[in-house]
Amino acid sequence: MDTDPTALVVVAHHRAGSLTAHIAGLIAKRLEAAGYRIDLMDLHGEGFDPNMTVADQPDWNDRDKVYSEETRAHMGRILAADVIVPVFPIYWQSVPAIMKGWIDRVWNYGFSYGRSKPRLAGKRMLWMGLAGAGADDPIVPVMKENMDRGLRDAISFYNGITEAAVEVLYDTEGEPQYVDEDGNFTKGEALVGAEREAHFAALENEAVEHVEKFLGLA
Ligand SMILES: Cc1cc2nc3c(=O)[nH]c(=O)nc-3n(C[C@H](O)[C@H](O)[C@H](O)COP(=O)(O)O)c2cc1C
């Protein structure tokens, strides 16, 4: 019997060749090297429908409601995971719509919350977001606070996962954009050449280091 722990790496990006997908691949590789069996869940690639349906709407009088087949399959993959790592581009200081819909439909009443003993207790979760903002952008503390509250507290903790963290990779366009104090949209200088390459190599390292820190390997 396979007794290796399982890591569910959930990717939310519409381009298979995106930086987000690339970083997710590196994270999966690091987890695999640490002894995890990998379940790579590419929400766009798998054609996941993020829209709530009647079949997946909670029945507050029935926590044993049988949800749709698609949702039940996703629930099975979450249950099989020891570690869950959503990897996503940060959109409006949160996850993209497809990942929000995945939470809405799958992290459902009676499954992940609404029971006296949380089924997902003991699992660990690392939210890995990619930000267009540079690390020194004044908006960053607010963005990080919003994500800590909205993802770690409102979703992981609410669903019984007490060991959860949000990490962010900054300036993932290599050209920071920001809104100045007068409300003007402004673009920083785009990195080019060797400097650009070094920047993206550093982001790759950071992603791996976040995983190592989360697993207690660093
Ligand atoms: C709809 C949308 C909303 C965005 N919102 C934010 C944001 O709130 N904060 C931020 O730092 N970057 C934001 N960005 C920038 C993306 O996070 C960035 O382009 C992405 O992480 C780059 O990764 P990718 O090349 O894999 O898409 C946003 C981009 C889009 C398209």
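Which residue in β3 does V10 stand opposite? The points below take up that question first and then move outward from β3.

1. The model is predicted. In it, V10 stands opposite P86 in β3. Strand β1 (residues 6–11) and β3 run parallel and are joined by five bridges.

2. Strand β3 is also joined to β4 by five bridges, and these two strands run parallel. One pairing to look for is that of F88, whose bridge partner in β4 is G129. With β1 and β4 each bridged to β3, this is a useful strand from which to read the rest of the model.

3. β3 is mostly covered, with seven of its seven residues buried. V83, V85, V87 and P89 point one way from the strand, while I84, P86 and F88 point the other way. Both sets are buried. P86, which V10 stands opposite, belongs to the second set, as does F88, the partner of G129.

4. Helix α3 (residues 97–106) is largely enclosed by the rest of the structure, because seven of its 10 residues are buried. Those residues are I98, M99, G101, W102, I103, R105 and V106. They pack against β1, β2, α2, β3, β4 and α4 (140–156). Two of them, W102 and R105, appear again in the next two points.

5. H74 lies in helix α2 (residues 69–79). H74 counts as buried because its relative accessibility is 5%, and the cut-off for buried is under 20%. Its side chain and that of W102 are joined by a polar contact of 3.0 Å. Apart from neighbours within four places in sequence, H74 is in contact with M41, L43, E46, F48, W102 and V106. W102 and V106 are both among the buried residues of α3.

6. S68 lies in the loop between β2 (37–42) and α2. S68 counts as buried because its relative accessibility is 18%, again under the 20% cut-off. The side chain of S68 makes a polar contact of 3.4 Å with the side chain of R105. Leaving aside neighbours within four places in sequence, S68 is in contact with A55, D56 and R105.

7. Helix α5 (residues 193–215) has 23 residues. From its first C-alpha to its last it reaches 34 Å, close to the 33 Å expected at 1.5 Å a residue. Its buried residues are H199, F200, L203, A207, H210, V211, F214 and L215. An α-helix has 3.6 residues a turn, so residues three or four places apart point the same way. The list is worth checking with that in mind: H199, L203, A207 and V211 are among the buried residues.

8. The buried residues of α5 pack against α1 (19–33), β3 (83–89), β4 (124–130) and β5 (163–169). β3 is therefore a packing partner of both α5 and α3, the helix that is largely enclosed because seven of its 10 residues are buried. Just after α5, G216 takes a positive phi of about 80°.

9. Which residues come nearest to the ligand? Of the 17 residues around it, they are H13, T20, I90, Q93 and E173. A polar side-chain atom of E173 lies 2.4 Å from an oxygen atom of the ligand. The backbone takes part too: a backbone N or O atom of I90 lies 2.8 Å from a ligand oxygen atom, and a polar backbone atom of L130 is 2.8 Å from an oxygen atom of the ligand. Taken alone the ligand exposes 640 Å², and the protein buries 74% of that.

Methods: Residues are numbered from 1 along each chain as its sequence is written. This is a predicted model: local features need pLDDT of at least 70, side-chain atom pairs count only at pLDDT 80 or more; totals for chains, interfaces and linings use all residues. Side-chain values use heavy atoms; hydrogens and water are left out. Helices (H or I, at least four residues) and strands (E, at least two) are DSSP runs, numbered from the N terminus. The expected span of a helix is 1.5 Å times one less than its number of residues. Buried means under 20% relative accessible area, exposed over 50%, partly exposed in between (1.4 Å probe, protein chains only). Contact means heavy atoms within 4.5 Å. A polar contact is a pair of N or O atoms within 3.5 Å; within protein, one must be able to donate a hydrogen and the other to accept it, and residues adjacent in sequence count only if both atoms are side-chain atoms. A residue is near a molecule or strand if one of its heavy atoms lies within 4 Å of it. Accessible areas come from the Shrake-Rupley method with a 1.4 Å probe; for residues, only the protein chains shown count as cover. Two strands pair if DSSP finds at least two bridges between them.
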